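Here is a short report for a reader new to this structure. Look through the sequence and the model, then read on.

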Amino acid sequence: PLQCSISQENQVVPLPRLPRVAVCGGTHGNELSGVYLVRELLKLQREVMKKEQEEDLKPASVLLVLSNPRAMQQCRRYVDTDLNRCFTHATLNGPLSDMAPYEIIRSRELNALLGPKGSPAAVDLVCDLHNTTANMGLCFIAYSDCDWICLHIFRHLQVSNTASYFSEIFAPSKFSYSLDSVGKHGFAMEIGPQPHGVVRSNIYTAMKVGVQHMLDWVRLFNSGNVFEGGFVDVFTMVKHIDYPRDSETRNITAAIHPCLQDRDFCLLHPEDPLFQTFSGETVRYKGTEPLYPFFINECAYYEKGIALSLNYGNVYKVCSHEIFHHGNIL
């Protein structure tokens, strides 16, 4: 069962606005919902700015970024190496050779555009758009379960019946590896199922609605507002499980069991079916406690040796916040 945690008490919070927000698509070049959505938003950006002025809303500067143009052109996840693993402090600041992979060079360009990571100059919020072949609905993935800005955005989408799950991957800032970690706040908006190299209208529309709700929340935040609290389910990543493999060839010898396929975020109990070998035998989950699986049978993770990931489940109380702003905005 989900465990319960309580965030800080209801309070009035003085905070700077979020004047610079980045929405990024194409970090993986074959995850097409984000690619086509960012292209569409680039076309509509002038109309959005006009609407903000007419309604006298406090505008956020929305920077729209197509993150990996070479991989997009080839409709591949990446050209040389996974761009979304290139944003650790060491990778961004280490020596750079003349033979550096394209994505290493591109990560530094993006860090210069959106960061530098960990600095006061970094953009206030990064929303990085992704697709998964797993049946995860619309899921937020973040590095912290105590960044109340990301939690409130998630709750805003959840109340609107847009977002389904919030998953936390714990990592200190200098070890956080994904593009969304470059901003002061950030998360990946992961939505599926959708095959890579394909765009499905329903998945694209769900992502579009999610981004619109996120930007609406930012505008409300920048205008000063009361954000009601409530409970959200937060899943904390515990470990990865690889496929069974041949000890000599390292080829996989089983697939996800039919009873587990497409059951992302449904509780997996010890002795539940986990894999079905190619000879027809059932391999059962040998863990000592029930956990929540996600990224089940994700296509892009075969090369990473990940059949699925497992999470603890927690219920967090996100407390109400009344926002007011003071001081000059740089």
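Where does UniProt place the feature "active site"? The unreviewed UniProt entry puts this feature at Glu190; UniProt positions are given in the numbering used here, feature names are shortened, and annotations may be inferred rather than shown by experiment.

The model is predicted, so local features need pLDDT of at least 70 and side-chain atom pairs count only at pLDDT 80 or more, while totals for chains, interfaces and linings use all residues. Residues are numbered from 1 along each chain as its sequence is written, and side-chain values use heavy atoms, with hydrogens and water left out.

**The chain**

The chain has six helices and 16 strands. Helices (H or I, at least four residues) and strands (E, at least two) are DSSP runs, numbered from the N terminus. Of its 330 residues, 50% count as buried, meaning under 20% relative accessible area with a 1.4 Å probe, protein chains only. Contact means heavy atoms within 4.5 Å. Of the contacts with a separation of 6 or more, 76% join residues 24 or more positions apart.

**Three buried residues**

| Residue | Place | Relative accessible area |
|---|---|---|
| Glu190 | strand β8 | 7% |
| Val318 | strand β15 (residues 308-318) | 3% |
| Asn30 | loop between β3 (20-25) and α1 (32-54) | 11% |

Residues up to four places away in sequence are not counted in the contacts of Glu190, which include His130, Asn131, Cys139 and Phe295. Asn30 touches Cys75, Arg76, Arg77, His196 and Gly197, with the same residues up to four places away left out. Val318 and Glu228 are 90 residues apart in sequence, yet 8.4 Å apart in space, C-alpha to C-alpha.

**The second largest pocket**

A pocket is an open set of points on a 1 Å grid over the protein atoms alone, where a 1.4 Å probe fits, with protein on both sides within 12 Å along at least five of seven lines; lining residues have an atom within 4 Å of a point. The second largest pocket has a volume of about 380 Å³, the space filled by probe spheres set on the points. Its lining has 26 residues, and Arg85, Ile169, Tyr177, Phe295 and Tyr301 lie nearest its centre. Two or more lining residues come from each of β5 (125-131), β6 (137-142), β8 (185-192) and β10 (230-241).

Why does this pocket lie between domain 1 (21-235) and domain 2 (239-310)? Both domains give residues to its lining; their bounds come from an automatic or database domain assignment.
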